[in-house]
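Here's a quick briefing to read with the model open in your viewer. Pull it up and follow along.

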Amino acid sequence: MKPILQVDLKAIYQHNKDEIDKAIKDVLESGWYILGRHVEAFEKEFSEWTKIPHVVSVANGTDAVELSLRACGVGYGDRVATVSHTAVATVSAIERIGAIPVFVDIDPNTMTLCPNHLETMIKNIDKPPKAVVPVHIYGQMADMPALMDLSDRHSFYVIEDCAQAHGAKFNGKNAGSFGHLAAFSFYPTKNLGAFGDGGAIATMNSELSEKLRCLKQYGWRERNNSLISGVNSRMDEMQAAILNVLLKKLEGYNRTRQQIAAIYDDSKNPKITYPFRTRVPVSEHVFHQYVIRTKYRKSLQNWLENNQIQTAVHYPIPVHLQTAYKNKYPIHMPLTVTEQYAKEILSLPMNPYLSSDEMNSVAKALKAWNL
Ligand SMILES: *Cc1c(COP(=O)(O)O)cnc(C)c1O
């Protein structure tokens with residue numbers, strides 16, 4: 001029996017082979033490989049898709065977070081609040097500019113940055129954060145209205161980490177349209193993934209987008225005279241051409257992810273805590289990952305493995321407990337939920353080319369699991 005894959009990147013290529021081959025050939029034959037018409041088209045299409053007026057493509061999602069912070073004037077010694085329950089990339093981006101990450105515990109339902117904890121932290125800390133980076137983990141958004149309200153009252157910038165949330169919504173509005181800036185990643189496994197690295201920053205603010213256009217390429221507005229100090233963080237034409245093909249599929253892929261989630265939800269094993277979508281009715285989850293919790297993770301993982309079902313853990317060690325970060329930064333509040341959940345979470349197979357048989361086999365195995 002063929003194992004049921006947790007992610008399946010090859011399937012994405014195989015199902016879109018003709019279009020992707022054509023897109024790549026087109027770039028190869030054009031003789032134009034950096035900042036050309038494919039990148040331009042992608043920025044325009046992605047802006048239309050997210051309904052966010054300015055999109056600046058960059059080399060990857062980590063750069064998208066870093067350059068967003070820089071565009072807001074965040075730098076050496078500034079505090080940036082975020083979660084420890086995230087891909088380490090969020091924190092590397094903060095560190096890269098010499099800023100200091102301040103960790104906030106997560107909401108036990110959505111597993112995203114908890115606005116109440118953030119407010120308590122701001123009241124107790126000597127130097128409040130200059131920016132906050134909520135992470136819309138697994139495809140479900142943080143409570144953005146509450147966070148923007150805090151931002152108004154305590155004047156900090158908000159940079160949404162949308163790396164896992166292409167198309168997620170809150171009150172009908174897309175992820176990325178609440179904060180001052182939004183960072184997207186197109187790492188191959190994301191809901192919208194390139195066949196290499198890619199990223200983008202989306203914003204309503206034209207001044208910030210102009211600054212980002214300079215920052216991402218040596219500080220240039222015009223060639224050969226840097227206006228500000230910048231970096232090289234460009235999306236290449238090849239990746240943009242591939243993303244233009246896959247962006248057309250994104251809506252459909254997200255719907256399929258939601259259908260898979262509904263089938264898993266139905267398995268209703270009492271020993272499993274499911275990410276029931278009903279938890280936050282105003283929020284639309286796009287299931288970058290379908291993550292359950294159980295106190296008996298090892299047992300469930302073994303059971304699924306014996307049933308030829310691949311699983312993964314996103315992420316087994318909270319950032320503040322990883323080797324590089326232990327005792328590196330002051331911890332301002334107990335990260336109780338973060339630490340507890342890291343031991344219980346499990347990501348089930350979630351990819352848009354799972355067959356009906358495969359989804360049903362996973363649901364059946366979940367239902368049948370016993371200690
Ligand atoms: C993937 C990811 C990133 C980083 O993106 P890269 O493109 O790999 O640099 C940042 N934050 C989160 C939450 C991610 O999942």
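What follows covers the ligand site, a small set of paired strands, and a couple of backbone oddities.

Keep in mind that this is a predicted model. The ligand has 15 residues around it, and the space it takes is the largest pocket. Away from the ligand, there's an open sheet of three strands to look at, plus a cis peptide bond between His-314 and Tyr-315.

**Who surrounds the ligand**

- Of the 15 residues around the ligand, the closest are Gly-61, Thr-62, Asp-161, Ser-185 and Lys-190.
- Sorted by class, that shell comes out as six nonpolar, seven polar and two charged residues.

**Polar contacts to the ligand**

- Thr-62 uses its side chain: an N or O atom there sits 2.5 Å from an oxygen atom of the ligand.
- Lys-190 also uses its side chain, with a polar atom 2.7 Å from a ligand oxygen.
- Gly-61 brings its backbone instead, where a polar atom is 2.8 Å from an oxygen atom of the ligand.
- How much of the ligand does the protein bury? On its own the ligand exposes 380 Å², and the protein buries 90% of that.

**The pocket and its helices**

- The ligand's space is the largest pocket.
- Helix 4 (61–71) and helix 5 (89–96) are the elements that each give two or more residues to the shell around the ligand.

**The three-stranded sheet**

- The strands run in the order 7-6-10, the sheet is open, and the pairing is antiparallel.
- Why does one side of strand 7 and of strand 10 lack a neighbour in the sheet? Strand 7 (173–174) and strand 10 (283–284) stand at the edges with a single partner strand each, so one side of each is left free of a sheet neighbour.
- As a reminder, strands in a sheet pair through backbone hydrogen bonds, in either a parallel or an antiparallel way.
- Strand 6 (residues 169–170) is joined to strand 10 by two bridges, and the two run antiparallel.
- To find that pairing on screen, look for Phe-170, which stands opposite Ser-283 in strand 10.

**Backbone oddities in loops**

- The peptide bond joining His-314 and Tyr-315 is cis, with omega at about 10°.
- Tyr-315 belongs to the loop between helix 10 (297–306) and helix 11 (336–342).
- Tyr-138 has a phi near 65°, a positive value in a residue that isn't glycine.
- You'll find Tyr-138 in the loop between strand 4 (131–133) and helix 7 (144–154).

Notes:
Residues are numbered from 1 along each chain as its sequence is written. This is a predicted model: local features need pLDDT of at least 70, side-chain atom pairs count only at pLDDT 80 or more; totals for chains, interfaces and linings use all residues. Side-chain values use heavy atoms; hydrogens and water are left out. A residue is near a molecule or strand if one of its heavy atoms lies within 4 Å of it. A polar contact is a pair of N or O atoms within 3.5 Å; within protein, one must be able to donate a hydrogen and the other to accept it, and residues adjacent in sequence count only if both atoms are side-chain atoms. Accessible areas come from the Shrake-Rupley method with a 1.4 Å probe; for residues, only the protein chains shown count as cover. On a 1 Å grid over the protein atoms alone, a cavity is a set of points where a 1.4 Å probe fits but cannot get out, and a pocket is an open set with protein on both sides within 12 Å along at least five of seven lines; lining residues have an atom within 4 Å of a point. A molecule sits in a cavity or pocket if more than half of its atoms lie within 2 Å of its grid points. Helices (H or I, at least four residues) and strands (E, at least two) are DSSP runs, numbered from the N terminus. Ala, Val, Leu, Ile, Met, Phe, Trp, Tyr, Cys and Pro count as nonpolar, Asp, Glu, Lys and Arg as charged, and the others, Gly among them, as polar. Two strands pair if DSSP finds at least two bridges between them.
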